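Thanks for coming. I will go through one structure, starting with the whole chain and ending with one of its sheets.

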Amino acid sequence: MSIQYIKGVGPKRAARLKKLNIHTVEDLLYFAPREYDDRTKFKYLSQCIKGEKVSLRVQVSGYPSKLRSRKNLSILKIPVEDQTGNATLVWFNQNYIAQKLSIGDKIAINGKVDYFGNEIQITNPVFEKGNEKKIGKIIPIYPLTDKLTNNEMIKIMENAIKYHVDDIPERLSTSLREELQLMPVKEAIINIHFPKDRAHYIQARRRLVFEELLTLQLGLFLIKSRTKELNKGIQYPHTKDIYDFINNLPFNLTNAQKRVFKEIEADMEKDEQMNRLVQGDVGSGKTIVGILAMFKAWKSGYQSVMMAPTEILATQHYESISNFLSNYNIRCELLVGSLSNKKKEEILDELKRGDIDILVGTHAVIQDKVEFNRLGLAITDEQHRFGVKQRAILSQKGKNPDILVMTATPIPRTLALILYGDLDISIIDELPPGRKEIETYAVGSNMIDRINNFVRKQILEGRQAYIVCPLIEESDTLDVKSAEELYMSLKDETFKEFKVGLLHGRMKSNEKDSIMQKFVDKELDILISTTVIEVGVNVPNVNIMVIYNAERFGLAQLHQLRGRVGRGEYQSYCILINGSNSKISRQRMRILQKSSDGFYISEKDLELRGPGEFFGTRQHGLPELKVANLFSDMNLLKLTQKKAKDILKEDALLLDEKYSLLRQNIISLFKDRINDLILN
Ligand code: ADP
Ligand code: MG
């Protein structure tokens, strides 16, 4: 039912609610408050503590006084008392309140306590005379846009609950609710908006989060099993040649690499389309696993493509792929923006004719004009830098080609199941042997001189260094400015005897590439950079990573940055300059000092900080969550994953009557992705 039918909502308000993505009465009822103002705690004046927000029942004890401040504000003061003391209520620019209150009136108030000498003052309190409706309660605070106040929203919500809460269907079966002790939906909705007390709020939220995550999880599992059935893929024959190739590699594969390749091989030999995510820490050797898959595709006469997020990375991949495959008659080409048009056209022609076996490149490979002859395998490297859409476009370049995505962003498995719900997951959880542990130090800003001396010493010995400048959140411009400032001061003063370069996200990609190339060629000793270097670049001679204001970064991101060093034969160092004194940031730094396990680090980061830095949660293409938070509700997420599996084991298509409401909801939630499902 449309929102307009709610009492108190006309076309104008309906339009404003639509901006909040509220279209129906149900949307409204599931629109959870952002936070709450707990006004349940009544105190006596003698118990008031400075700065605390309290509710009080007081009596007006004197006449109002009106003043005018120097800044021309009108100030109204009204004295009040209870049996334990006195206070003054103060309002700015609200003189009309004087008319509403007379000596002897008993009122309830809520506000923040302030002391002036011995006198208690409460500024701009909420007050009620008579019937207490707003004080002594928990008041919801909604995430709103302009032109809609919280008070209006509360009224709308009260009406919606009064007249429509009974229409909300109970989608969880009684047996499930009893088993997990979940509140009925009606009670949950009432208590998420107007909780009776804290305990009711917690139960209400638990119930709604569970339902939301269960719906999401069931939907994803269904899509996944269904895609498998629908998407007949290429069935590559088994080949032993790949083992010769493996045996002739300059190193032995790690057990983890072998296991993951086996999983890929099995996928490729099935007649279903492969949709696999390979997660592996920085330096765990994902590229070679991708190369093995491409080798296998080539053996059966198919083309492969590998897409990387930056030109530098694409070039590095191209070089190492050509290197590894040099003994075979495999044609590999690089397609990036900086090629001449003539060269590009040549490549496109040959690709279409089928003369090129492996194409490596940046976004350039998903442009319209890129056509393959027989694309059999599409690999995306550093998946978190691409959206779901780009992955889809790439796979449409062929006829159900096998899909492999690789990421170094370690995500706890539970979360990966949600974020990459329609992918199978392989994990390379082992580093090649002989890697030197990177020595990690967390220091305060007072140590900068010593750090600079250390960097100087290493450079004089022939090494190079990365210096990452402070991350300035949500501002590209400031980010660049801070990088430029740091660059200037280091280049002209601290390190004036060395060659220093600057790299940041606002530079054109050919500028970035040329700086990076200079660094690779050792024409630069120090590279000052924003986080653009985070992704997969390999410069083995660099052995120092200095990160300014490390406390502003996510741990997973720091771990990635650290992974840029330790790639050669030299002992490497990561120095985290912690600009904060807080306990939590020291704890976070300690985690990085102690561990080099990306999964452990990201789990810990979630635990300490909630939302990780690893990705914009927006871009992964999941339905929007109304109540649940994928990070802080990790425990409930685990529970729903288990339940969803149980349910589907018992009833693979949710055909039982007791799931019919849940099923309908799944269909409407995943509209475009699920419409060809058997669920219809
Ligand atoms: P990432 O997983 O971060 O993408 P890469 O694939 O770039 O890691 O591998 C990092 C380096 O380790 C490369 O130089 C690669 O050749 C090397 N490497 C990969 N696998 C092994 C192995 N099993 N033994 C030794 N070195 C390896
Ligand atoms: Mg890589």
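**The chain and one sheet**

The chain has 23 helices and 22 strands. Please keep in mind that this is a predicted model.

First, the overall dimensions. Taken along the principal axes, the C-alpha atoms fill a box of roughly 95 × 70 × 45 Å. There are 680 residues in the chain, and buried ones make up 53% of them. As for contacts, take those between residues at least 6 apart in sequence: 72% of these join residues at least 24 apart.

Next, the surface. The accessible surface of the chain comes to about 32,200 Å². Carbon and sulfur atoms account for 48% of that area.

How many positive and negative side chains does the chain have? The counts are 100 positive and 88 negative. The centres of the two sets lie 5 Å apart.

Now the sheet. This is an open sheet of six strands, in the order 17-22-21-18-20-19, and the pairing is parallel. Which strands are at the edges? They are strand 17, residues 439-444, and strand 19, residues 500-503, and each pairs on one side only. On average, neighbouring strands of this sheet are turned by 20° against each other, direction ignored.

Let me stay with strand 19 for a moment. Its partner is strand 20, residues 526-529; the two run parallel and are joined by four bridges. If you want a place to look on the screen, find Val500, which stands opposite Ile526 in strand 20.

That is what I have on this one.

Conventions:
Residues numbered from 1 in each chain as written. Chains lettered and ligands numbered in written order. Predicted model: local features only at pLDDT ≥ 70, side-chain atom pairs only at ≥ 80, totals over all residues. Heavy atoms only, no water. Pairing = 2+ DSSP bridges. Axes fitted to C-alpha atoms, helices over the stretch in contact; angles between N-to-C directions. Buried < 20%, exposed > 50% of the residue type's maximum accessible area, 1.4 Å probe, protein only. Contact = heavy atoms within 4.5 Å. Areas by Shrake-Rupley, 256 points an atom, 1.4 Å probe, with all protein chains shown as cover. Lys, Arg positive; Asp, Glu negative; His and termini not counted. Charge placed at Lys NZ, Arg CZ, Asp CG, Glu CD.
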